[in-house]
Amino acid sequence: MAVVPVYRWRLAPDGLATRRQLRARGLRPGGQDVAAQLERPRRRRGLLVAYLYRVDQAKPVRPMTPAKWAALDRANTARRICPQCGTDAGYVIPVELGVCVPCAYPEDEQRAA
């Protein structure tokens, strides 16, 4: 593994960007290796690290195809279906519950009725 230069927070040279910064410009790393590392010290927790990529080697973000849009729509719809009762909850089911709220707390539904 190659050794990459390390820069302190806000002291990275121009021409380097994080993944989020690339995405904001409509770019992606495009398979390039990490060009540098950015470190931000924190008081109560460990060091915060971000990887930097060269902007001149970045590639444009791939556009969404109709098939990708359809797959994303199916995935989001599946997150709304309760696995216990099989109904569309009308919201994304919380991972913590795993089922819709009426199925997770049936005693509350009985009190309301």
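How many salt bridges does the structure hold? There are 2. The model is a predicted one, and this tour visits both bridges before turning to a patch of surface charge.

**Stop 1: Arg-54 and Asp-56**

Select Arg-54 and Asp-56 and show their side chains. The two are joined in a salt bridge, with N and O 2.7 Å apart. Now colour the pair by accessibility. Asp-56 is exposed, because its relative accessible area is 57% and the cut-off for exposed is over 50%. Arg-54 has a relative accessibility of 34%, so it counts as partly exposed.

**Stop 2: Arg-80 and Asp-88**

Next, select Arg-80 together with Asp-88. Here is another salt bridge, in which the closest N and O atoms lie 3.2 Å from each other. Are the two partners buried or partly exposed? Arg-80 is partly exposed, at a relative accessible area of 30%. Asp-88 is partly exposed as well, with 44% relative accessibility. In general, side chains carrying opposite charge can pair when their charged atoms come close.

**Stop 3: the arginine patch**

Clear the selection and pick Arg-10, Arg-40, Arg-42 and Arg-45. These residues gather on the surface as a patch of positive charge. Members of such a patch have no salt bridge, by definition.

Keep Arg-40 selected and turn on the cartoon. Where does Arg-40 sit? This arginine belongs to strand β4, which covers residues 36–40. Its relative accessible area is 36%, so Arg-40 is partly exposed. That value also passes the patch cut-off, because patch residues need over 30% relative accessible area.

Conventions: Residues numbered from 1 in each chain as written. Predicted model: local features only at pLDDT ≥ 70, side-chain atom pairs only at ≥ 80, totals over all residues. Heavy atoms only, no water. Patch = residues over 30% accessible without salt bridge, like charges linked within 9 Å, V, L, I, M, F, W, Y side chains within 5 Å. Areas by Shrake-Rupley, 256 points an atom, 1.4 Å probe, with all protein chains shown as cover. Salt bridge = Lys/Arg side-chain N within 4 Å of Asp/Glu carboxyl O. Lys, Arg positive; Asp, Glu negative; His and termini not counted. Charge placed at Lys NZ, Arg CZ, Asp CG, Glu CD. Helix = DSSP H or I, 4+ residues; strand = E, 2+ residues; numbered from the N terminus. Buried < 20%, exposed > 50% of the residue type's maximum accessible area, 1.4 Å probe, protein only.
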